[in-house]
Structures are given as structure tokens and as C-alpha cells.
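User: Could you take a close look at the aromatic side chains in this one? I'd like a connected walk through how the rings are arranged.

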Amino acid sequence: GKYTLQTKSFNIEDFSLKLIDDTLLKGNINIPNIFKSKLEVNLSLNNLTRENTHKLWPIIIPKDDRIKRWVLKHIKSFNIDNSNILMKFNDNHLTDIAAKFDFRDATILYDRYFPTIYDASGVAYFDKESMKIDVEKANVLNSKIKNSKIIIADFKQKNTPLQIKGQIIGRAEDLLKHVSYQSDFAKNIGNYINGYSNSYIDLFIPIKAKIELSNIYLQIYSTIKNINNNYVSKNSNLKVKLSKKINDDTFISSINLTESDINFKPLSIFKKKNINSYLSFNLQSNSNLLEFTDLKFILNKDKFLTGSFIFNLKQKNLQDIKLTHPDFALSYSSDHAELSQKLTLKGKKLDLNKLQSILKSNNNRKYQNNDIEIILDKLILANNIELNDVDVNLNCSQSLCINSFIEMKKGDKEIVNIDFKPYPIKKITKITGKISDIS
């Protein structure tokens, strides 16, 4: 190095130290005036690993430094092949820092609500107030991350957000697993939504001790191909938008189905490719339950289906259904604790061949309280027999049925006429009537 008498400056131009586990430290130190407490330190580090970061982190940086704490908590492993760190000090206080790290083999776990990012490589930039990580490539679940950024804009801001922006290419179900990564929903969603996707994600997570799902902002744009389920053909293409606002647990979803071939028999939805169609709904995940609300299926600018329902992932059945269809309006609810169910079904036509797959339950539960009202112009039975003028009213609690009857016709001929007469004292119901020619 050298000392300049006129300016009273002292400069160590070059030094190198071999530290723990072959970590190589190089740098220079510039003191503009030895009589003033200003100091600039320029360092480079090679062969640095996550395990040595806490040992080699400059001691002069305050121990509560948020950069250090964030790195050590959320980045679980990495290797740094090359780095540059410029630090400026005044009166023994760090006034500025600019750091650049070329990293590889990094594992980033930013919160338990989201899956781990692994095998990440790229460049990380830090200054005294912010952090930016340019991720050149990485993996998450069974998908690849490309050209992505992880940003903390202001370490000093209270509950400052961590922003993740980037492109994810891989399995479509991986994106929806972000809805609630630790839930049964994430474990089972691949049975219903799958295929190959190309997606762009924008995510904000507040940096604080305890994070709730409602604290997180999420927006995803995705194109999906090669879906494998019973309702959408493999040559179909979907365009999906999924978003969630801060302080809200609801995921707002919209799917462009125009380039899809759909055959959804339970609700008589059949559509060929290149016919304008859209599906939108709001989704909330609550343990084993998926709550779908504000459901709309638009076909050629007309509302073909609207409603809401709850899907039980554990029992794999639908419950609390409200659907309005061109052929019928359906309302169904059940209370397992009270062993009760209520069904209201009215409309022009219903095909039981299709609807039975919706109402089927895997738990074979027997309900003691049943409130059923069905008024249909036409009912198609499982054996394809058509009945008309169907009028069913059942209000039964255990063995008592009050104001209950069943009436049906085949053509102009009445073939079902059943009456229920209750005897409350004996707690029984006498059933009388006729059934003929149902085949």
C-alpha cells in the first residue's frame, strides 16, 4: 500500500487471506484522511458456503443487521464462487454497503405456506436498505424457475414485503399448490388440475415473525396444455389467471376455455374448441374443504351456469351446492353432525345418469332428517326411462314424514302416486300408493 503525506491518506492496495475451508478473502482499504474517522473497505470472497456465512460476516456490522438475519434464516444453503463487497464507515458506524454475490446450489425457504426453491443459481445484490436476487435458474416442486427476481425494497420499513417475480415452467398443479401448500388441497389438486404450464408469478410476502395466508399478495398468469382428466381433452389449451389480495383469504380465479374441448356430463356442459367460453370463481381453502363461490360459466357471452359449492377433499364429495343451470336450479346442503340434509330441485329437465356423480358421497352416511322438494317437467332415470310432471315433497324426521308425497307420470299416464300419513304418537308413517310401468 501507500501513504500520501499531502492528503494524509492511507491506502492498502491489495491484500489476501485464506480463511475457513479454503474461503479466499481479497481486498483493499482506503482511508482518505488518517485524522478523520472515515474508511472504505473493498472486499472479494471466493468459495464461501452457507455454513461459514455467520462466521465471516464482518464483525463491525451490527449484530441485528436485517440483511444478515434474512440471509441466515431463509437461505438454507448456497455456494458463492465470486463476490464483491464495498463498505463505507464513519465514526466506526457503517454508513453504506454495496455487495454483489454470484451464487449457485442455493436453497431458499421463504415461508411455510410456500414450497422450497432449490438448486438456485444467479446473482444477489445487497445495499444497506435493500436486496435484489436475480435468479437465473432454479427448481420448485416439479417445475423450473427462469429469469426471476427476489426483492426486498426497504429493510427499514415495518413488515416490509418480500417480492418474488418470475417465470415458472412445468406442472400446472404446482402453481395451485401455492394456495395452501401444507393442506390436503395441495396434496390432492394434481388429481383434478394438471398438465404442462408456462406461468408468470408476482408474489408479495411481509417479512415478520408470524405470517398468515391473508397477509400475502399473489398474482399468476398461466397457459396450460396436455391436461389429463375426464372433462377436458388433452388437445385443449387453458389460460388461467389467479390472484389474491392482501388481508383477504379469497383466491379470485378466471379461466379462458375458448381453446378447450370440454365434456362435463354431470352438468351437461359440452363444448368444442374455438367456441368462446370462460369459467370464473372465488376459492377459499379451509382445512379439508374447498369453498367455491361466485361461480360463473359463460358460453358464447351467455351465463350457462352460476352458483357455489363446497368440495370435501377428504371425503371426495360435494356439499352445500347451489347451482343455476338452463335446465334446472339445484340447492343441496347437509349437516353431518345433525344427520340432516336438504335438497331443492326445480326445472325443465334432469338426467340422473349425470347428476348422481355430483351428489354421490363416499361416506355412505344415512341421514335421519330429510327435507326434499323436486318439481321437474322431465326426469331421466339411470336406465334412461323418461318420466314427466315429477312432483316430490318429503319432509321426514327419522320415521315421521309430514306433508309428504311423490307423484310422477310417464307420458300422460300417472305411474307413481305415493302418500305418507304420519302417526306421531306411534312415531311411524304409513305409506300408501301405486307404482306401475316404470320398467
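Analyst: Here is a look at the aromatic rings, followed by some context from the chain.

A word on ground rules: this is a predicted model, where local features need pLDDT of at least 70, side-chain atom pairs count only at pLDDT 80 or more, and totals for chains, interfaces and linings use all residues. Residues are numbered from 1 along each chain as its sequence is written, and side-chain values use heavy atoms, with hydrogens and water left out.

A pair of aromatic rings is described by the distance of the centres and the angle of the planes. Rings of Phe, Tyr and Trp (for Trp, the six-membered ring) pair if their centres lie within 6.5 Å; planes under 30 degrees apart are called stacked, over 60 edge-to-face, and the rest tilted. Searching the whole structure on that basis turns up five aromatic pairs.

Take Phe101 and Phe126: their ring centres are 5.9 Å apart and the planes meet at 80 degrees, so this pair is edge-to-face. Phe101 belongs to strand E7 (residues 93-108) and Phe126 to strand E8 (residues 117-127), so the pair ties together parts 25 residues apart in sequence. (Strands here are DSSP runs of E, at least two residues; helices are runs of H or I, at least four; both are numbered from the N terminus.) Phe101 is buried, with a relative accessible area of 13%, and Phe126 is buried too, at 9%. Buried means under 20% relative accessible area, exposed over 50%, and partly exposed in between, using a 1.4 Å probe and protein chains only.

Now for Phe297 and Phe304: with centres 5.9 Å apart and planes at 85 degrees, this pair is edge-to-face. Both Phe297 and Phe304 are buried. There's a cluster as well: Phe281, Phe292 and Phe309 form one aromatic cluster.

One ring has a charge for company. The charged end of Lys132 sits over the ring of Tyr125, 5.4 Å from its centre; the test is NZ of Lys or CZ of Arg within 6 Å of the ring centre and within 35 degrees of the ring normal.

Back in strand E7, you'll also find His93. His93 is exposed, with a relative accessible area of 54%. His93 is 55 residues from Lys38 in sequence, with their C-alpha atoms 9.3 Å apart in space.

As for the setting, the chain has five helices and 29 strands. Of its 439 residues, 43% count as buried. Among contacts (heavy atoms within 4.5 Å) between residues at least 6 apart in sequence, 44% join residues at least 24 apart.
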